[in-house]
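Work through these short exercises with the structure open beside you. Try each task before reading its solution.

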Amino acid sequence: MPNAPPTAIGPSTTLENSRPWIRFLAGNPGLFLAFLWGLAEGTLFFVVPDVLLSLVAILRPRRCWRHIVAATGGALIAGAVLYGWAARDLRHARDTIAGVPFITNQMLAKADQSYRARGIGAVFLGPFSGTPYKLYAVAAPAYVRELPFLTATVPARAERFTLVCLLFGFAASWIRQKWQWSAKRLAVLHGFIWILFYAFYWNLLGRN
């Protein structure tokens, strides 16, 4: 039917028929970027992979699970690197992570307190507490063994990635059905949301 609204899943065009920037983000280059972003944010970068994942969820929600797996894989490697580093040289590892932009001493203390109170469960609660995963990786050797920590990393990272993708994917589907917004307009809205989020988050950190 020519006047039928777009489907709830996403745009009706296939990936091959999409614009180049959509093919890049939703295809294999975007997968590689998700992996690198998960690795970078799990170590020394300070912007979460959720920014990329949520954009893919808007553009091609059915392909987003692949990006979640890639970002989780990158985070797993980052966790292994930081865990091993902290196990060998805790002071240097903590000082380096403390030098990452927007990391505070309160966050480092919060990760330690969470481990003391919850053990391995701290890894699962971290993604929703505003405390970056890298801090739990650096603090982990003092509280849990490496294998349990890395095993917990996979669901702990994937759970938030999945929830963020579901939120953005369903919101974009609703907007697309109601107002027939283009992918470009949705991408602009997506960028605006994340800019506001980080402006608020970094401003809040600056007050603490």
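The exercises below concern a predicted model.

**Exercise 1. The core**

Task: Find which residues touch the most other members of the largest nonpolar core, and which helix gives the largest share.

Solution:
- Step 1. Take the largest nonpolar core, which has 60 residues.
- Step 2. Look for the members that touch the most others: they are Tyr 115 and Phe 149.
- Step 3. Now sort this core by helix. Helix 9, residues 146-179, supplies the largest share, with eleven residues.
- Step 4. Zoom in on Phe 149. Leave out residues up to four places away in sequence. Among the residues that Phe 149 then touches are Gly 79, Tyr 83, Tyr 115, Ile 120 and Val 123. Tyr 133, Tyr 136, Ala 137, Ala 140 and Val 144 are also touched by Phe 149.

**Exercise 2. The rings**

Task: Count the aromatic pairs, then trace one aromatic cluster.

Solution:
- Step 1. Pair rings whose centres lie within 6.5 Å. The count is 18 aromatic pairs.
- Step 2. Follow one cluster. Its members are Trp 37, Phe 45, Phe 46, Phe 102, Phe 168, Trp 194, Phe 197, Tyr 198, Tyr 201 and Trp 202.
- Step 3. Turn to Trp 181. The charged end of Arg 185 sits over the Trp 181 ring, 5.2 Å from the ring centre.

**Exercise 3. The pocket**

Task: Describe the largest pocket and name the helix that gives the most to its lining.

Solution:
- Step 1. Start with the space: the largest pocket holds about 490 Å³.
- Step 2. Go to the lining, made by 29 residues. Nearest the centre lie Val 48, Pro 127, Gly 130, Arg 160 and Phe 197. Phe 197 also belongs to the aromatic cluster of Exercise 2.
- Step 3. Check the helices. Helix 8 (133-139), helix 9 and helix 10 (183-207) each give at least two lining residues.
- Step 4. Pick the top contributor: helix 10, with six residues.

**Exercise 4. Positive phi**

Task: For Phe 102 and Gln 180, state phi, location and exposure.

Solution:
- Step 1. Recall the background: most residues other than glycine have a negative phi.
- Step 2. Take Phe 102. Its phi is positive, near 70°. Phe 102 lies in the loop between helix 5 (90-98) and helix 6 (105-118).
- Step 3. Apply the cut-offs: partly exposed lies between 20% and 50%. Phe 102 has 35% relative accessibility, so Phe 102 is partly exposed.
- Step 4. Repeat for Gln 180. Its phi is positive too, about 55°. Gln 180 sits in the loop between helix 9 and helix 10. Its relative accessible area is 47%, so Gln 180 is also partly exposed.

Key
Residues are numbered from 1 along each chain as its sequence is written. This is a predicted model: local features need pLDDT of at least 70, side-chain atom pairs count only at pLDDT 80 or more; totals for chains, interfaces and linings use all residues. Side-chain values use heavy atoms; hydrogens and water are left out. A nonpolar core is a set of buried Ala, Val, Leu, Ile, Met, Phe, Trp, Tyr and Cys residues joined through side-chain atoms within 4.5 Å. Buried means under 20% relative accessible area, exposed over 50%, partly exposed in between (1.4 Å probe, protein chains only). Helices (H or I, at least four residues) and strands (E, at least two) are DSSP runs, numbered from the N terminus. Contact means heavy atoms within 4.5 Å. Rings of Phe, Tyr and Trp (its six-membered ring) pair if their centres lie within 6.5 Å; planes under 30 degrees apart count as stacked, over 60 as edge-to-face and the rest as tilted. A charge sits over a ring if NZ of Lys or CZ of Arg is within 6 Å of the ring centre and within 35 degrees of the ring normal. On a 1 Å grid over the protein atoms alone, a cavity is a set of points where a 1.4 Å probe fits but cannot get out, and a pocket is an open set with protein on both sides within 12 Å along at least five of seven lines; lining residues have an atom within 4 Å of a point. Grid points are joined across faces, edges and corners, and a volume is the space filled by probe spheres set on the points.
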